[in-house]
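User: Could you take a close look at one part of this model for me? I would like to see how a single helix sits among its surroundings.

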Amino acid sequence: MPYLLDGMNVLHRVERLAEKLDADGPDAAIEALAGEIVRAWPEAAEKVTIVVDGGGGKFGRRKRASGIEVRMTAEGESGDEVMRSMVEGRPGYYVIVTDDRRLAASVGKKAVKAMSVKGFFEGVA
(Lines give C-alpha, C1' and ligand atoms only; values in the text may rest on other atoms or scores of the structure.)
Protein backbone atom coordinates (compact mmCIF):
# COMPACT_ATOMS: atom_id res chain seq x y z
CA MET A 1 0.00 0.00 0.00
CA PRO A 2 1.50 3.39 -0.96
CA TYR A 3 2.14 6.04 1.68
CA LEU A 4 1.58 9.78 1.25
CA LEU A 5 3.54 11.76 3.82
CA ASP A 6 2.33 15.20 4.88
CA GLY A 7 5.87 16.52 4.49
CA MET A 8 5.90 19.69 6.58
CA ASN A 9 3.80 18.03 9.28
CA VAL A 10 6.30 15.16 9.50
CA LEU A 11 9.29 17.51 9.50
CA HIS A 12 7.82 19.53 12.38
CA ARG A 13 6.76 16.48 14.43
CA VAL A 14 10.10 14.63 14.40
CA GLU A 15 12.52 16.59 16.56
CA ARG A 16 15.73 15.77 14.65
CA LEU A 17 14.06 16.71 11.37
CA ALA A 18 12.60 19.90 12.84
CA GLU A 19 16.11 20.86 13.96
CA LYS A 20 17.43 20.14 10.45
CA LEU A 21 14.61 22.22 8.97
CA ASP A 22 15.43 25.17 11.24
CA ALA A 23 19.18 24.93 10.72
CA ASP A 24 19.45 24.06 7.03
CA GLY A 25 16.07 24.73 5.42
CA PRO A 26 13.41 22.58 3.78
CA ASP A 27 15.51 21.03 0.99
CA ALA A 28 18.04 19.60 3.45
CA ALA A 29 15.29 18.45 5.84
CA ILE A 30 13.42 16.68 3.03
CA GLU A 31 16.65 14.96 1.95
CA ALA A 32 17.22 13.88 5.56
CA LEU A 33 13.66 12.54 5.89
CA ALA A 34 13.89 10.60 2.63
CA GLY A 35 17.31 9.24 3.55
CA GLU A 36 16.09 8.00 6.93
CA ILE A 37 13.14 6.25 5.36
CA VAL A 38 15.19 4.53 2.65
CA ARG A 39 17.88 3.39 5.10
CA ALA A 40 15.25 1.79 7.34
CA TRP A 41 13.02 0.56 4.50
CA PRO A 42 14.93 0.12 1.21
CA GLU A 43 11.78 -0.62 -0.81
CA ALA A 44 10.30 2.73 0.22
CA ALA A 45 11.28 4.46 -3.01
CA GLU A 46 8.41 2.71 -4.76
CA LYS A 47 5.93 3.09 -1.91
CA VAL A 48 6.34 6.60 -0.46
CA THR A 49 5.53 10.08 -1.76
CA ILE A 50 6.37 13.13 0.32
CA VAL A 51 3.98 16.04 -0.33
CA VAL A 52 5.37 19.41 0.74
CA ASP A 53 3.76 22.85 0.87
CA GLY A 54 5.54 25.69 -0.86
CA GLY A 55 6.76 24.76 -4.31
CA GLY A 56 10.19 25.59 -5.51
CA GLY A 57 13.43 24.85 -3.81
CA LYS A 58 15.75 22.44 -5.49
CA PHE A 59 12.92 19.96 -5.92
CA GLY A 60 10.83 22.15 -8.22
CA ARG A 61 7.35 20.69 -8.43
CA ARG A 62 8.22 16.99 -8.67
CA LYS A 63 11.57 15.41 -7.99
CA ARG A 64 13.16 12.59 -6.06
CA ALA A 65 15.14 12.56 -2.81
CA SER A 66 17.02 9.34 -2.03
CA GLY A 67 14.78 7.72 -4.64
CA ILE A 68 11.53 8.84 -2.98
CA GLU A 69 9.15 11.04 -4.95
CA VAL A 70 8.82 14.55 -3.54
CA ARG A 71 5.84 16.55 -4.74
CA MET A 72 5.95 20.27 -3.99
CA THR A 73 2.74 22.26 -4.14
CA ALA A 74 2.22 25.11 -6.57
CA GLU A 75 1.83 28.66 -5.34
CA GLY A 76 -1.59 29.01 -3.71
CA GLU A 77 -2.04 25.23 -3.42
CA SER A 78 -1.83 23.37 -0.11
CA GLY A 79 -0.32 19.98 0.54
CA ASP A 80 -3.61 18.91 2.09
CA GLU A 81 -5.45 19.75 -1.15
CA VAL A 82 -2.88 17.82 -3.20
CA MET A 83 -3.19 14.75 -0.98
CA ARG A 84 -7.00 14.90 -1.05
CA SER A 85 -6.95 15.05 -4.85
CA MET A 86 -4.48 12.15 -5.05
CA VAL A 87 -6.72 9.89 -2.96
CA GLU A 88 -9.92 10.91 -4.72
CA GLY A 89 -11.43 7.91 -6.46
CA ARG A 90 -8.90 5.49 -4.98
CA PRO A 91 -10.59 4.16 -1.83
CA GLY A 92 -8.30 2.13 0.38
CA TYR A 93 -5.29 2.65 -1.88
CA TYR A 94 -3.18 5.11 0.15
CA VAL A 95 -2.10 5.51 3.75
CA ILE A 96 -1.79 9.19 4.69
CA VAL A 97 0.91 9.86 7.29
CA THR A 98 0.05 12.99 9.27
CA ASP A 99 -0.71 14.28 12.73
CA ASP A 100 -3.07 16.87 11.22
CA ARG A 101 -6.41 15.72 12.61
CA ARG A 102 -8.45 17.67 10.09
CA LEU A 103 -6.58 16.12 7.16
CA ALA A 104 -6.79 12.64 8.69
CA ALA A 105 -10.55 13.03 9.21
CA SER A 106 -11.17 14.33 5.70
CA VAL A 107 -9.28 11.51 3.99
CA GLY A 108 -10.86 8.99 6.33
CA LYS A 109 -14.20 9.96 4.80
CA LYS A 110 -12.76 8.81 1.47
CA ALA A 111 -11.97 5.36 2.91
CA VAL A 112 -8.24 6.07 3.05
CA LYS A 113 -6.30 5.04 6.11
CA ALA A 114 -4.54 7.72 8.12
CA MET A 115 -1.48 6.91 10.23
CA SER A 116 0.25 9.07 12.82
CA VAL A 117 3.81 10.24 12.26
CA LYS A 118 4.91 8.28 15.33
CA GLY A 119 3.14 5.16 14.06
CA PHE A 120 4.89 5.44 10.71
CA PHE A 121 8.34 5.79 12.23
CA GLU A 122 7.72 2.98 14.72
CA GLY A 123 6.17 0.56 12.25
CA VAL A 124 7.77 1.35 8.91
CA ALA A 125 10.81 3.51 9.22
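Analyst: Happy to help; here is a walk around helix 3, followed by a brief look at the rest of the fold. Please keep in mind that this is a predicted model.

Let's start with the helix itself. Helix 3 has 15 residues, which at 1.5 Å a residue should span 21 Å, and its end C-alpha atoms are indeed 21 Å apart, so the two values agree. Its buried residues are Ala29, Ile30, Leu33, Ala34, Gly35, Glu36 and Ile37. Glu36 and Gly35 may catch your eye in that list of buried positions.

Next comes the neighbour. Helix 2 packs on helix 3 with the axes 7 Å apart and an angle of about 150° between them. Because angles over 145 degrees count as roughly antiparallel, helix 2 is described as roughly antiparallel to helix 3. The crossing of this pair is right-handed. On the helix 2 side, the contact is made by Arg16, Leu17, Lys20, Leu21 and Asp24, while helix 3 brings Pro26, Ala28, Ala29, Ala32, Leu33 and Glu36. Ala29, Leu33 and Glu36 of helix 3 are in this contact and are also buried.

Now for the core. The largest nonpolar core of the model holds 27 residues, and Leu33 and Ile37 are among those with the most contacts inside it, along with Tyr3, Leu5, Val48 and Phe120. Several elements give two or more residues to this core, including strand 1 (3–6), helix 2 (15–24), helix 3 (26–40), strand 2 (48–52) and helix 6 (117–123). Helix 3 provides the largest share, five residues. Apart from this core lies another one, of 11 residues, with Leu4, Met83, Ile96 and Leu103 among them.

Beyond the helix, the chain runs into a loop between helix 3 and strand 2, where Glu43 is found. Glu43 is partly exposed, with a relative accessible area of 44%. Although Glu43 and Gly67 are 24 residues apart in sequence, their C-alpha atoms are 9.7 Å apart in space.

For a second helix pair, look at helix 4 (residues 79–87) and helix 5 (residues 101–108), whose axes come within 10 Å and cross at roughly 15°. That angle makes helix 4 roughly parallel to helix 5. Here too the crossing is right-handed. The contact is made by Asp80, Met83, Arg84 and Val87 of helix 4 with Leu103, Ser106 and Val107 of helix 5. Two of these names, Met83 and Leu103, also belong to the core of 11 residues.

Methods. Residues are numbered from 1 along each chain as its sequence is written. This is a predicted model: local features need pLDDT of at least 70, side-chain atom pairs count only at pLDDT 80 or more; totals for chains, interfaces and linings use all residues. Side-chain values use heavy atoms; hydrogens and water are left out. A nonpolar core is a set of buried Ala, Val, Leu, Ile, Met, Phe, Trp, Tyr and Cys residues joined through side-chain atoms within 4.5 Å. Buried means under 20% relative accessible area, exposed over 50%, partly exposed in between (1.4 Å probe, protein chains only). Helices (H or I, at least four residues) and strands (E, at least two) are DSSP runs, numbered from the N terminus. The expected span of a helix is 1.5 Å times one less than its number of residues. Axes are lines fitted to C-alpha atoms, for helices over the stretch in contact, and angles run from 0 to 180 degrees between N-to-C directions. Angles under 35 degrees count as roughly parallel, over 145 as roughly antiparallel, 65 to 115 as roughly perpendicular and the rest as oblique. A crossing is left-handed if the near helix is turned anticlockwise from the far one by less than a right angle, and right-handed if clockwise. Contact means heavy atoms within 4.5 Å.
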